[in-house]
Amino acid sequence: MAYVIKADECLGCGTCAGNCPAEAISETPDGKFAIDPEKCVECGTCAAVCPIQLPTEG
């Protein structure tokens with residue numbers, strides 16, 4: 001199952017996007033980040049590098 005980010009809790013730091021090997025994470029217009037479930041390879045890197053471990057399996 002692909003990882004997801006709760007947008008209202010995202011800090012907007014971009015650490016997850018910068019470390020995603022599948023380039024599945026992009027910035028939204030409000031400065032937060034979202035994961036494209038079709039590109040997510042379920043590796044968990046985003047959760048591991050997020051300072052608040054926000055990405056979770058969705």
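**Exercise 1. The nonpolar core**

Determine which residues have the most contacts inside the largest nonpolar core of this predicted model, and which elements each supply at least two residues of this core.

*Solution.* The largest nonpolar core comprises 15 residues. Those with the most contacts inside it are Tyr3, Ile5, Cys16, Ile25, Phe33, Ile35 and Cys46. At least two core residues each come from strand E3 (33-35) and helix H2 (45-49). Next, take Ile5 and set aside its neighbours within four places in sequence: Ile5 is then in contact with Cys10, Cys16, Ile25, Phe33, Ala34, Ile35, Leu54 and Pro55.

**Exercise 2. The cysteines**

Establish how many disulfides the whole structure holds, and why Cys16 is not bonded to Cys10.

*Solution.* A search of the whole structure returns zero disulfides. The closest cysteine sulfur to that of Cys16 belongs to Cys10 and lies 6.1 Å away; a disulfide requires sulfur atoms within 2.5 Å, so this separation is too far for a bond. Cys46 is likewise in no disulfide, the nearest cysteine sulfur, that of Cys40, being 6.2 Å away. As for accessibility, Cys16 has a relative accessible area of 7% and is buried; Cys46, at 8%, also counts as buried.

**Exercise 3. Leu11**

Locate Leu11 and decide whether this residue is buried or exposed.

*Solution.* Leu11 lies in the loop between strand E1 (3-4) and H1. Its relative accessible area is 55%; the cut-off for exposed is over 50%, therefore Leu11 is exposed. Beyond its neighbours within four places in sequence, Leu11 is in contact with Pro51 and Ile52. Finally, Leu11 and Lys32, 21 residues apart in sequence, are 6.9 Å apart from C-alpha to C-alpha.

How values were computed:
Residues numbered from 1 in each chain as written. Predicted model: local features only at pLDDT ≥ 70, side-chain atom pairs only at ≥ 80, totals over all residues. Heavy atoms only, no water. Core = buried A, V, L, I, M, F, W, Y, C linked by side-chain atoms within 4.5 Å. Buried < 20%, exposed > 50% of the residue type's maximum accessible area, 1.4 Å probe, protein only. Helix = DSSP H or I, 4+ residues; strand = E, 2+ residues; numbered from the N terminus. Contact = heavy atoms within 4.5 Å.
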